[in-house]
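I'm opening a fresh notebook page for this one. My plan is to look up a few things and jot down what I find.

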Amino acid sequence: TKCESGCVCADGLYENLDGRCVPAEECPCEYGGLSYRRGEQIQTECEICTCTKGKWKCVQKSRCSSTCNLYGEGHITTFDGQRFVFDGNCEYILATDGCSLNRPVSSFKIVTENVICGKSGVTCSRSISIYLGNLTIILRDETFTISGENPGVQYHVKQNALHLMFDIVIPGKYNMTLIWNKHMNFFIKISRETQETICGLCGNYNGNMKDDFETRSKYVASNELEFVNSWKENPLCGDVYFVVDPCSKNPYRKAWAEKTCSVINSKVFSACHNKVNRMPYYEACVRDSCGCDIGGDCECMCDAIAVYAMACLDKGICIDWRTPDFCPVYCEYYN
């Protein structure tokens, strides 16, 4: 309706993010606030997406993996995405196969030993045991030990300043990547070549989060505590009857917890906010920071934030959130 001064691109050309006019084939794509050139790819657990004419073209991976997280003071996200928290002081089966009652033969079992780690009664993982037939891997005290052998299982160990990683292949059944941050956070990433059911605190991995609280007796529990108690490795341990609220028991820590965990809600993580819901991670961070009151306070808080950063990374968004004075990562001696 009226003339406006300025520049426009000629017919068939489009302005890119640098202000240059380019043909449609060279248009960039945007994801998580970042620009990607034509032909560049991003990957999630189930898809590979390629930038084509300014739009993402995505294809499903032939094998889709899923991840179960155990982190901080008893937080679990199952393979199907169900979240819950518990304060159990015992050993619990995180994941195993051979769950059918008529054929209970398992090729792997992953067990966490949870102990009290705060005066309010919160518990966290002290060690992880991975049983692969006659091969056993124990993760404890920032290191690991391997005993026995199983020629039917292939495994490879990688480590860096932050994590210990185990790539495990059970031929014809599972490809697993286990990631441990040498403290309280443990991730089980599984891609399976069989329809064998999986069970344990990580759920039944059937794509439906509503039936994830399936007990050892094969019925769906009415609440998470009944479900957790059914997966005790040692039946002599006491049952869990309630979930502790450490911020109400340690109110003097709440303001500090909310202030330090607010980095999750800040612009540092803004590129991830519309890809991964930040509130469950923020609330878990505040709870853990209130509860971690017998040493390693900042470590608990940093571990909780790192779980959100990891969830962002699974969506293809890498956040550089650590600084020299906030949750720093120290280089190895003389490195």
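Which residue in β7 does C49 stand opposite? I looked, and C49 faces C58 in β7.

**Ground rules.** I note that this is a predicted model, where local features need pLDDT of at least 70, side-chain atom pairs count only at pLDDT 80 or more, and totals for chains, interfaces and linings use all residues. Residues are numbered from 1 along each chain as its sequence is written, and side-chain values use heavy atoms, with hydrogens and water left out.

**The three-stranded sheet.** I started from the strands around that cysteine pair. Strand β6 (residues 47-52) and β7 pair in the antiparallel sense, and I find six bridges between them. For the terms, strands (E, at least two residues) and helices (H or I, at least four residues) are DSSP runs numbered from the N terminus, and two strands pair if DSSP finds at least two bridges between them. The open sheet here has three strands in the order β5-β6-β7, with antiparallel pairing. Its edge strands, β5 (41-43) and β7 (55-60), each pair on one side only. I get an average twist of 25° from one strand to the next; the axes are lines fitted to C-alpha atoms, for helices over the stretch in contact, and angles run from 0 to 180 degrees between N-to-C directions.

**The seven-stranded sheet.** Next I traced an open sheet with the order β10-β9-β8-β19-β18-β17-β16, seven strands in antiparallel pairing. I see β10 (83-85) and β16 (154-159) at the edges; each has a single partner strand, so one side of each is left without a neighbour in the sheet. The twist averages 15° from one strand to the next. Inside this sheet I checked β8 (residues 66-71) against β19 (residues 186-192): they run antiparallel and five bridges join them. L70 stands opposite F186 in β19.

**Domains.** I pulled up the domain assignment, which gives domain 1 (13-60), domain 2 (65-230) and domain 3 (246-315); such bounds come from an automatic or database domain assignment. How far apart do the C-alpha centres of domain 1 and domain 3 lie? I get 32 Å. Five residues of domain 1 are in contact (heavy atoms within 4.5 Å) with four residues of domain 3. Together these two domains bury about 420 Å², 50% of it on carbon and sulfur atoms. Buried area is the accessible area (1.4 Å probe) that two parts lose on being put together, summed over both.

**Charges.** I then ran the salt-bridge rule (a side-chain nitrogen of Lys or Arg within 4 Å of a carboxyl oxygen of Asp or Glu). It finds zero salt bridges across the interface of domain 1 and domain 3, while a search of the whole structure turns up eight. One of them joins the side chains of E233 and K109, at 2.8 Å from N to O. That pair links distant parts of the chain, 124 residues apart: E233 is in the loop between α1 (224-230) and α2 (246-249), and K109 is in strand β12 (residues 109-116).

**Backbone oddities.** Last, I looked for positive phi values outside glycine. E142 has one of about 65°, and this residue lies in the loop between β14 (135-140) and β15 (143-147). K218 has a positive phi near 70°; I find K218 in the loop between β20 (198-199) and α1.
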